[in-house]
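Colleague: I'd like to go through this model with you before I set anything up. Can you put the sequence and structure on screen?

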Amino acid sequence: MLSGLAGSVFRVGAAVERADVIARLLDAYLAKPDATSGPADPVIARELRVVAGAAVTPRSVLDATATLELLALDRHEPASIANAVAVARDDARRARDVVSTELWDALNVTRSRLPRKIAAGREHEFLAWVRERSALAVGVVEGDASRDEVWEFFTLGRSLARCAATARLLASELLDPESGRSWATALRACGVGEAFHREARPGAPASEAAAFLLLDGHCPRSVLFLTQRAEACLADVAPALVPEGLAELREAGAALRTILPADAVEAARPAGRRLASVADRVARALDEHVFAGAAAG
């Protein structure tokens with residue numbers, strides 16, 4: 001696949017996933033937070049920005065309303081849902097030759113219907129709509145696309161984006177590793193709350209929740225699964241162009257597999273810091289060594 005098209009497909013996947021990730025984070029920690037003691041509002045606001053990848057400056061207004069507005073609908077904020085929707089739509093337009101008409105239509109409609117303001121009390125409803133639109137785009141690709149390079153680059157973008165965000169959450173102050181309630185919120189923010197509770201016994205300790213989010217090889221939102229999926233896609237489409245990134249993903253996956261479930265709570269923060277760094281470096285390496293060929297040409 002031409003580097004320009006590959007980059008566009010990759011960015012569509014990453015942007016679709018980023019919209020879903022941010023919507024879930026905002027819903028879990030701001031729109032419908034658990035009625036339990038947790039970090040103070042300024043800490044939540046700051047850490048949400050960090051996990052989302054937004055800058056925190058001395059002038060940042062660290063309250064729930066400002067953070068929701070920034071990360072939901074600020075079109076000038078690269079980490080926002082609005083920016084992710086615009087990127088997905090624009091890159092899908094550039095890749096019209098290789099993506100399906102149904103995917104393009106789904107993204108174009110999402111962009112056209114994105115509001116400029118969320119009505120008071122409708123935050124959860126808006127964030128649920130974003131998740132539904134993201135799921136529709138992913139479902140179109142998963143249901144209809146051949147498992148060729150288009151699917152590989154789309155899935156690689158999705159896997160790295162979600163892996164980086166989940167890893168930053170694990171390393172953040174949003175999560176108290178010793179608190180079962182904190183893990184429950186984190187699982188919900190990552191979209192695996194129901195999946196965990198279907199498998200876990202009532203009152204399961206924090207170590208089981210940590211092991212599920214870090215080490216479950218069957219859960220498509222665990223960091224182990226995401227790391228392995230990203231490694232497999234990268235090995236298929238660009239192993240010779242990003243050898244260091246591929247090696248780092250393999251090493252990160254191998255390191256995760258050495259963690260015992262009982263040690264997952266203690267391992268969560270260091271594993272999160274490492275995986276966030278690896279995912280970001282791989283994405284940058286793809287930009288520099290695979291997708292940059294379009295500009296050079």
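Colleague: How does the lining of the largest cavity divide by class?

Modeller: The lining of the largest cavity has 9 nonpolar, 2 polar and 1 charged residues. For the classes, Ala, Val, Leu, Ile, Met, Phe, Trp, Tyr, Cys and Pro count as nonpolar, Asp, Glu, Lys and Arg as charged, and the others, Gly among them, as polar. Before going on: this is a predicted model, where local features need pLDDT of at least 70 and side-chain atom pairs count only at pLDDT 80 or more, while totals for chains, interfaces and linings use all residues. Residues are numbered from 1 along each chain as its sequence is written, and side-chain values use heavy atoms, with hydrogens and water left out.

Colleague: What is the volume of that largest cavity?

Modeller: About 100 Å³ for the largest cavity. A cavity is a set of points, on a 1 Å grid over the protein atoms alone, where a 1.4 Å probe fits but cannot get out; a pocket is an open set with protein on both sides within 12 Å along at least five of seven lines, and lining residues have an atom within 4 Å of a point. Grid points are joined across faces, edges and corners, and the volume is the space filled by probe spheres set on the points.

Colleague: Which elements give two or more residues to its lining?

Modeller: H1, H4, helix H5 (101-113) and helix H6 (123-144) do. H6 has the largest share, 4 residues. Helices (H or I, at least four residues) and strands (E, at least two) are DSSP runs, numbered from the N terminus.

Colleague: Ser 134 is on the lining list. Is Ser 134 buried or exposed?

Modeller: Ser 134 is buried, at 7% relative accessible area. The cut-offs are under 20% for buried, over 50% for exposed and partly exposed in between, with a 1.4 Å probe and protein chains only. Ser 134 sits in helix H6. Setting aside residues up to four places away in sequence, Ser 134 touches Val 16, Ala 19 and Asp 20, where contact means heavy atoms within 4.5 Å.

Colleague: How many cavities of 30 Å³ or more are there?

Modeller: The structure holds 2 of them. The second largest has a volume of about 50 Å³. Its lining includes Val 21, Leu 25, Arg 162 and Cys 190. H7 gives the most to that lining, with 4 residues, and H1 and H7 each supply at least two. By class, this lining comes to 7 nonpolar, 1 polar and 1 charged residues.

Colleague: Now pockets. What is the volume of the largest one?

Modeller: The largest pocket comes to about 660 Å³. It is lined by 28 residues, and the closest to its centre are Ala 14, Arg 18, Ala 161, Asp 280 and Ala 283. Helix H1 (3-31), helix H2 (41-52), helix H4 (81-94), helix H7 (149-170) and helix H13 (264-291) each give two or more residues to the lining. The largest share, 8 residues, is from H1.

Colleague: And how do those lining residues divide by class?

Modeller: Into 16 nonpolar, 3 polar and 9 charged.

Colleague: Cys 190 came up earlier. How many disulfides does a search of the whole structure find?

Modeller: It finds 0. The criterion is a pair of cysteine sulfur atoms within 2.5 Å.

Colleague: Why is Cys 163 not bonded to Cys 190?

Modeller: Because the sulfur of Cys 163 is 11 Å from the one in Cys 190, its closest cysteine sulfur, which is too far for a bond. Cys 163 is buried, at 4% relative accessible area. For Cys 233 the closest cysteine sulfur is in Cys 163, 12 Å away, also too far for a bond. Cys 233 is buried as well, at 1%.

Colleague: Back to the overall fold. How many helices and strands?

Modeller: The protein chain has 14 helices and 0 strands. Buried residues are 52% of the 297 residues. Among contacts between residues at least 6 apart in sequence, 67% join residues at least 24 apart.

Colleague: What does the C-alpha trace span along its principal axes?

Modeller: About 55 × 45 × 40 Å. The radius of gyration is 18 Å, which agrees with the value near 19 Å for a compact globule of 297 residues. That radius is taken over C-alpha atoms, and the globule rule is 2.2 Å times the number of residues to the power 0.38.

Colleague: Last one: where is Lys 32?

Modeller: In the loop between H1 and H2. Lys 32 is partly exposed, at 42% relative accessibility. Leaving aside neighbours within four places in sequence, Lys 32 is in contact with Asp 27, His 124 and Arg 188.
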